[in-house]
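Q: Please take a close look at one part of this structure, the place where chain A and chain B meet. I am new to it and would like a connected account.

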Amino acid sequence: MSSAFTPVLDELTRHRGVRASLIVSESDGLVVDSKLRFGEHGDRVAALAASIFRKARLSARAAHLGAVSFLQLDAEHGRVCAVGRGDLVLMVVADPAANVGLIRVELLKALGHLA
Amino acid sequence: MAPDIRRLSEELARDPSSMVFLPLAEALRQQGQLDVALKIAQRGLERHPRHAGAHDLVARICVDQGDLTRAGDEWEAVLRVSPDHGGALKGLGYVRFQQGRLDEAEQFLAQAASSADGGDMSAALATVRRSSGKVGVEADDVETATATLDPKRLFAEVLIDPGQTALLLDAHGYVLGGMYVDPDGSDVSHEVGAQLSGITDEVRRAMRHLAMGEWRSIMFETEAAVVAMTAAPDDALVVVAASRATPLGLLRRLVARCTERAAGWMTGGMQA
C-alpha cells in the first residue's frame with residue numbers, strides 16, 4: 001500500500017548505502033510510512049529514533065537555539081540521519097560508506113513534503 | 001524569518017540611521033546568516049564609524065567567517081576608540097593566538113583580565129603560556145586543580161572561542177561539569193541536562209536493533225548552533241555547542257578534546 005510519502009521514501013532508499021527510510025510520528029513513535037531493508041525491528045527503531053529526535057529538539061529549545069534542522073547519529077557500522085517538521089520525523093538508516101552529505105541534502109529537500 | 005529579526009529589519013528600514021543594526025546583525029550572526037549579518041553591520045558602521053560596538057560586532061562576524069586578519073583590524077579599530085574595551089582585548093588575544101603571535105596574545109589577554117569587562121582570563125592565559133612554553137607541568141596542575149575545585153570550568157581550557165560551550169552530564173542527565181550557555185549568555189545547563197536525560201540508553205538500544213555496534217556521536221544542527229554529543233566514562237555524556245559557522249571537522253576535534261578532558265577529570269575525581 002502506498003501513501004503520499006511513498007515517492008519520497010523511494011527516492012531516498014535509492015541512494016547507495018541507504019538501508020531504510022521511514023516517516024515517524026515524533027509524539028508517539030509510530031511509523032507513518034517506511035521502506036525497510038533491515039528486518040523486523042523497524043517499529044522499535046522508529047520509536048527510538050523519534051524519541052532521540054524529540055530529545056534533541058527539546059534540549060535545543062531549552063538552550064534557546066531554535067529549531068533542529070538536521071540530526072546525525074554515527075555508529076561503528078552505520079549512521080542514522082533525520083529531519084523533522086511538525087510532528088513528523090523523516091529518517092534514513094545508512095551504511096558507513098553512504099554519502100552522508102548527499103543524504104543530508106536530500107533529506108532537507110524532502111522536508112517540504114512533510115508539511 | 002524569526003519574529004525578532006523581522007521586527008528589527010522593519011525598524012531599521014524605517015530609520016536606517018538607528019542603532020538597531022547592532023541587535024539585528026547579532027541575531028543574524030547567531031542564526032549563522034553571516035553574509036547578511038556582515039552586510040548589515042558594515043552599513044551601520046558606515047553611518048557610525050566611531051562606534052566601538054559596531055567594530056566589535058564586525059570583528060566577531062569575521063571570526064565566524066574565518067577571516068582573522070579582518071577581525072584583528074576591526075578590534076584594533078575598537079581599541080583606538082575605546083582603549084580598555086574588554087571584548088576587543090580578548091578578541092585580539094584570540095586572533096594573535098590563532099596567528100601564532102603568542103607574546104602579543106598574552107599581552108592582550110593580560111590587559112583584558114585587568115579591564116572592567118574582560119572577565120576571567122586565567123584559562124585562556126594558561127593556554128597561551130603553555131603553548132609558548134613559558135610554563136609547563138605546574139600550569140597544567142593549576143588548571144586541573146581549578147577545574148576540580150570549580151567543575152563549571154572543566155572545559156574552560158579547551159574552549160577558546162566565546163561562542164563555544166560544553167557540558168558533562170551523568171547517565172541521569174544531572175550536570176557533572178562544564179556549562180551550557182545559551183546565545184544570550186544565560187547558563188541553561190540543568191534545563192539541557194533534563195531534556196537529554198536517558199538519551200544514551202535510547203541510542204544504545206537503537207544501535208542494538210540496527211546491529212550497528214557502538215554509537216560514536218550524535219550531531220544536530222539548529223537555527224543558531226551545531227551541537228555534538230559523545231559518550232564519556234560511566235554512561236556520562238559530553239555535549240558541545242558551537243556557532244553554525246564552525247566547520248564540522250573542527251567541531252569533532254573539539255568534542256574529542258572535551259571528551260578526553262572529561263575522562264581525565266572523572267578518573268582523577270574518583271581517585272581523589
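A: What follows describes the interface from chain A's side, then the pairing of strands and charged side chains across it, and ends with a few features beside it. The model is predicted.

The two chains share a contact made by 35 residues of chain A and 36 residues of chain B. The area buried between chain A and chain B comes to about 3,100 Å², and carbon and sulfur atoms account for 62% of it. Of the area that chain A buries against chain B, 21% is supplied by A:L48, A:K55 and A:L65, more than by any other three residues.

Polar contacts also cross the interface: 17 residue pairs of this kind are found between chain A and chain B, with both residues at pLDDT 80 or more. On chain A, the elements that give two or more residues to the side touching chain B are α2, β3 (68-75), β4 (78-85) and β5 (88-94). Among these, α2(A) gives the most, with eleven residues. Sorted by class, the side of chain A that touches chain B holds 19 nonpolar, nine polar and seven charged residues.

Helix α2 of chain A covers residues 42-62, 21 residues in total. From its first C-alpha to its last, α2(A) reaches 30 Å, close to the 30 Å expected at 1.5 Å a residue. After α2(A) comes A:H64, which has a positive phi near 55°.

Strand β3 of chain A pairs directly with the other chain. Seven bridges join β3(A) to strand β3 (residues 215-222) of chain B, and the two strands run antiparallel. Within this pairing, A:L73 has B:I218 in β3(B) as its bridge partner.

Charged side chains meet across the interface as well. Three salt bridges are found between chain A and chain B, while the count over all chains is 20. One salt bridge links A:D74 with B:R252, their closest N and O atoms lying 3.3 Å apart. A:D74 belongs to strand β3 of chain A and B:R252 to helix α12 (residues 248-271) of chain B, so this pair joins two chains. Another salt bridge brings together the side chains of A:R104 and B:E221, at 2.8 Å from N to O.

Chain B also has a strand pairing of its own. Its strands β1 (residues 165-169) and β2 (residues 175-179) pair in the antiparallel sense over four bridges. In that pairing, the bridge partner of B:A166 in β2(B) is B:M179. Together β1(B) and β2(B) form a hairpin with five residues between them. In the turn of this hairpin, B:G173 has a positive phi of about 90°.

Technical notes
Residues are numbered from 1 along each chain as its sequence is written. Chains are lettered from A and ligands numbered from 1 in the order in which they are written. This is a predicted model: local features need pLDDT of at least 70, side-chain atom pairs count only at pLDDT 80 or more; totals for chains, interfaces and linings use all residues. Side-chain values use heavy atoms; hydrogens and water are left out. The expected span of a helix is 1.5 Å times one less than its number of residues. Contact means heavy atoms within 4.5 Å. Buried area is the accessible area (1.4 Å probe) that two parts lose on being put together, summed over both. A salt bridge is a side-chain nitrogen of Lys or Arg within 4 Å of a carboxyl oxygen of Asp or Glu. A polar contact is a pair of N or O atoms within 3.5 Å; within protein, one must be able to donate a hydrogen and the other to accept it, and residues adjacent in sequence count only if both atoms are side-chain atoms. Ala, Val, Leu, Ile, Met, Phe, Trp, Tyr, Cys and Pro count as nonpolar, Asp, Glu, Lys and Arg as charged, and the others, Gly among them, as polar. Two strands pair if DSSP finds at least two bridges between them.
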